[in-house]
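Let's take a walk through this model, pockets and helix packing included. Have your viewer open and follow along.

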Amino acid sequence: MRLVKREDINKSVSIRIRVMAIVIAIVIAGLFLVTLGHNPIEVFSGMIKGAFGTGNRVRQTIITAIPLLIAAIGVGVAFKMLFWNIGGEGQIFMGAFGATIVALNLTSLPKPVLLLVMCLAAIICGGLWAALAGVLKVYFNTNETIITLMLNYVALKFITLLQFDLLKDKNAMGFPKIANFQDNAILPRVFGVHIGWIIALIIVVVFYIFMKHSKMGYEIAVLGDSTNTAKYAGININKTILKAVFISGALCGLVGFIQASAVSQTLSTEITNGAGNTAIIIAWLSNLNSIFAVIVSILFAGLTQGGAYIQTAFGIPNAAASVIQALILFCVLASEMFVRYRIDFRRVK
């Protein structure tokens, strides 16, 4: 038995494989719930209800989906040219750091101006943090997967230092926290959800056009297909890598701004909530397509919100809820392999 790469991926076969993966995931998760003494149908209905059952729950699911969507598009830009940016978490941290420095020190600015400066600071900080790995890759041929992953921990420890020492709020009665933002540093709401959802939709459209119809999007795609082809086409490889990596980090930095301003309203070590890591999965499941990323991000957010709901509604432990989510993710991710490869059985004489 061996895996053979499919020469032509049929769309109907691809859909059937993914549907089958979801069915298998539900069956396995259902058996797991039965062993815990719960009715699987009730629990799965509860997950849907917890994510989309009321207007408030829908809003919370959208709030959860916003950072996942933007970060997925961000890392997807780097993935398109086979630069494995695993540093979304660190880039979100550094973007939030840039926004926080502006928010705490330029409080006299009018709200629109302050928010714009916070956004620019976050984009620059996130982009430069990613560009550090790009520079090491271009000039020293380092492994970008390891570098971006390690930079996550550097960023986390840096934010920890700020929270527990350098930026610790003196009015917090010894509690390790950074001061909350003032009202003029907080993103406004539209239809009960912070304006980040509008920013996310704009990014979806812009980057769909950027990747499909722009000169740089073409260069990134060619570089991802073949370095030799890119050289033959006269593409400046080093320059393209650095620009694409900066853009990738800048989008993750934008997530840091949105989370710091609209959700946490301060800077903390919990600000990413794992969005940078989850975005990697979303980027691959959406086939690096920003339009598909919208759907996948909402489904992932619904899975998270639904998992939190069943803990209280059915008394399911947090670990068990995580196992259910993990089973679903595992099966869905495994299906991607069978979309690209088929199992070939051969008799051995």
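Keep in mind throughout that this is a predicted model. We can start with the empty space, and with the second largest pocket, which holds about 460 Å³. Its lining is made up of 22 residues, and those nearest the centre are Thr64, Leu68, Asn273, Thr278 and Thr304. Which elements give two or more residues to that lining? They are H3, helix H10 (237-264), H11, H12 and H13. H3 contributes the most here, with 5 residues. If you're thinking about chemistry, the lining of this second largest pocket splits into 10 nonpolar, 11 polar and 1 charged.

Now move to the largest pocket, with a volume of about 1,500 Å³. A total of 43 residues line this one, and Arg18, Leu285, Val296, Val332 and Glu336 sit nearest its centre. Quite a few helices give two or more residues to this lining: helix H1 (11-35), helix H2 (40-52), helix H3 (55-80), helix H8 (215-225), helix H11 (275-285), helix H12 (290-313) and helix H13 (318-340). The biggest share comes from H1, with 9 residues. By class, the lining of the largest pocket has 29 nonpolar, 6 polar and 8 charged residues. H3, H11, H12 and H13 turn up in the lists for both pockets.

Since H1 gives the most to the lining of the largest pocket, let's see how it packs against H2. The axes of H1 and H2 come within 9 Å and cross at roughly 115°, and the crossing is right-handed. On the H1 side, the contact uses Ile26, Ala29, Gly30, Leu33 and Val34, while H2 brings Pro40, Val43 and Phe44. Sorted by class, that makes 7 nonpolar residues, 1 polar and no charged ones.

A second helix pair is worth a look elsewhere in the chain. Helix H5 (residues 111-140) packs against helix H6 (residues 144-166) at an angle of about 145°, with the axes 10 Å apart. This crossing, too, is right-handed. From H5, the contact takes in Trp129, Leu132, Ala133, Leu136 and Lys137. H6 answers with Glu144, Ile147, Thr148, Leu151, Val154 and Ala155. What classes do the residues of the contact of H5 with H6 divide into? There are 8 nonpolar, 1 polar and 2 charged.

Finally, set the annotation beside the model. An unreviewed UniProt entry lists residues 21-41, 61-83, 90-107, 113-139, 146-166, 186-210 and 316-339 under "transmembrane region". How do two of those spans look in the coordinates? Residues 146-166 are 100% helix and 0% strand, with the end C-alpha atoms 28 Å apart. Residues 90-107 come out at 89% helix and 0% strand, and there the end C-alpha atoms lie 26 Å apart.

Key. Residues are numbered from 1 along each chain as its sequence is written. This is a predicted model: local features need pLDDT of at least 70, side-chain atom pairs count only at pLDDT 80 or more; totals for chains, interfaces and linings use all residues. Side-chain values use heavy atoms; hydrogens and water are left out. On a 1 Å grid over the protein atoms alone, a cavity is a set of points where a 1.4 Å probe fits but cannot get out, and a pocket is an open set with protein on both sides within 12 Å along at least five of seven lines; lining residues have an atom within 4 Å of a point. Grid points are joined across faces, edges and corners, and a volume is the space filled by probe spheres set on the points. Helices (H or I, at least four residues) and strands (E, at least two) are DSSP runs, numbered from the N terminus. Ala, Val, Leu, Ile, Met, Phe, Trp, Tyr, Cys and Pro count as nonpolar, Asp, Glu, Lys and Arg as charged, and the others, Gly among them, as polar. Axes are lines fitted to C-alpha atoms, for helices over the stretch in contact, and angles run from 0 to 180 degrees between N-to-C directions. A crossing is left-handed if the near helix is turned anticlockwise from the far one by less than a right angle, and right-handed if clockwise. Contact means heavy atoms within 4.5 Å. UniProt positions are given in the numbering used here, feature names are shortened, and annotations may be inferred rather than shown by experiment.
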